[in-house]
Amino acid sequence: YHDYEINDPSLIELVKRARDHGLPVAFKIRMIDSRIRSWMDIPFVVGTPRPEWTLNNIVPIVRAVPDAKYLILNVANNIRLNDEDMELFRKAEVVFDTSGRQVNSLPDLLKSYGSEKFAFGTHSPILDYLTGLLRIEALRESEADAETKELLRSGNAKRILGI
């Protein structure tokens, strides 16, 4: 909606300033369901819808400022990355919230990304607040022990927020 690219020099500078102050930068992958359109949508959306972002759209900014903190919210589309980008995300201070519809296989994602990469998220008030928590609470002991569940409930969010 702001009509700038993820690798815009001004955005890179903003992320660097946030990094310098110890602040995380949040990217919300999906704000609304793109299938629903209004005649009042901004012009570049009407008639020529921009595709919704996937995790791949975030890669350029993480590559440009790999030592920043990132919150990736409402991952509604593809969360798969190639091996090089996966390694970038594993090394970077990136935390995904659990509200997005692509976080439906949390045990597999924990194996791929690591337990320090996810935190409870609600996507409230747009959707129900419970789904993100149920994804954590439904994990079996073989998928996540009590310590991992506590990281997912609040520990990872506290870490990245510095509280």
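The legends below accompany close-up views of a predicted model.

**View 1. The open sheet and its strand order.** Four strands, S1, S2, S3 and S4, form an open sheet in the order S1-S2-S3-S4, and their pairing is parallel. Because S1 and S4 stand at the edges with a single partner strand each, one side of each of these two strands is left without a neighbour in the sheet.

**View 2. Pairing of S1, S2 and S3.** S1 and S2 pair in the parallel sense over 5 bridges, and S2 and S3 pair, also in the parallel sense, over 4 bridges. Tyr 70 can be followed through both pairings, since this residue of S2 is the bridge partner of Val 25, while in S3 the bridge partner of Tyr 70 is Val 94. Lys 69 stands opposite Glu 93 in S3. Between these two strands the chain crosses from S2 through helix H3 to S3, and this β-α-β crossover is right-handed.

**View 3. The largest nonpolar core.** This core holds 36 residues, of which Ile 61, Tyr 70, Ile 72, Phe 89, Phe 96 and Tyr 113 touch the most other members. Helix H1 (9-20), strand S1, helix H2 (59-64), strand S2, helix H3 (83-91), strand S3 and helix H4 each supply at least two residues of the core. In soluble globular proteins, nonpolar side chains tend to be buried together.

**View 4. The surroundings of Phe 96.** When residues up to four places away in sequence are not counted, Phe 96 touches Leu 55, Ile 72, Val 75, Ile 79, Phe 89, Tyr 113, Lys 117, Phe 118 and Ala 119. Among these contacts, Ile 72, Phe 89 and Tyr 113 are named, like Phe 96 itself, with the core residues that touch the most other members.

**View 5. Helix H6, its length and its bend.** H6 covers residues 146-161, and at 1.5 Å a residue its 16 residues should span 22 Å, which agrees with the 22 Å that separates its end C-alpha atoms. The helix nevertheless bends by about 60° at Leu 152. Just after H6, Gly 162 takes a positive phi of about 70°.

**View 6. The buried residues of H6.** Thr 148, Lys 149, Leu 152, Asn 156 and Ile 160 are the buried residues of this helix, and Leu 152 is also the place where H6 bends. The buried residues of H6 pack against strand S1 (24-28), strand S2 (69-73), strand S3 (93-97) and strand S4 (118-119), and against helix H4 (106-113) and helix H5 (130-137) as well.

Key: Residues are numbered from 1 along each chain as its sequence is written. This is a predicted model: local features need pLDDT of at least 70, side-chain atom pairs count only at pLDDT 80 or more; totals for chains, interfaces and linings use all residues. Side-chain values use heavy atoms; hydrogens and water are left out. The expected span of a helix is 1.5 Å times one less than its number of residues. The bend at a residue is the angle between axes fitted to the seven residues ending there and the seven starting there. Buried means under 20% relative accessible area, exposed over 50%, partly exposed in between (1.4 Å probe, protein chains only). Contact means heavy atoms within 4.5 Å. Two strands pair if DSSP finds at least two bridges between them. A nonpolar core is a set of buried Ala, Val, Leu, Ile, Met, Phe, Trp, Tyr and Cys residues joined through side-chain atoms within 4.5 Å. A crossover is right-handed if, with the strands pointing away from the viewer, the path from the first strand over the helix to the second runs clockwise.
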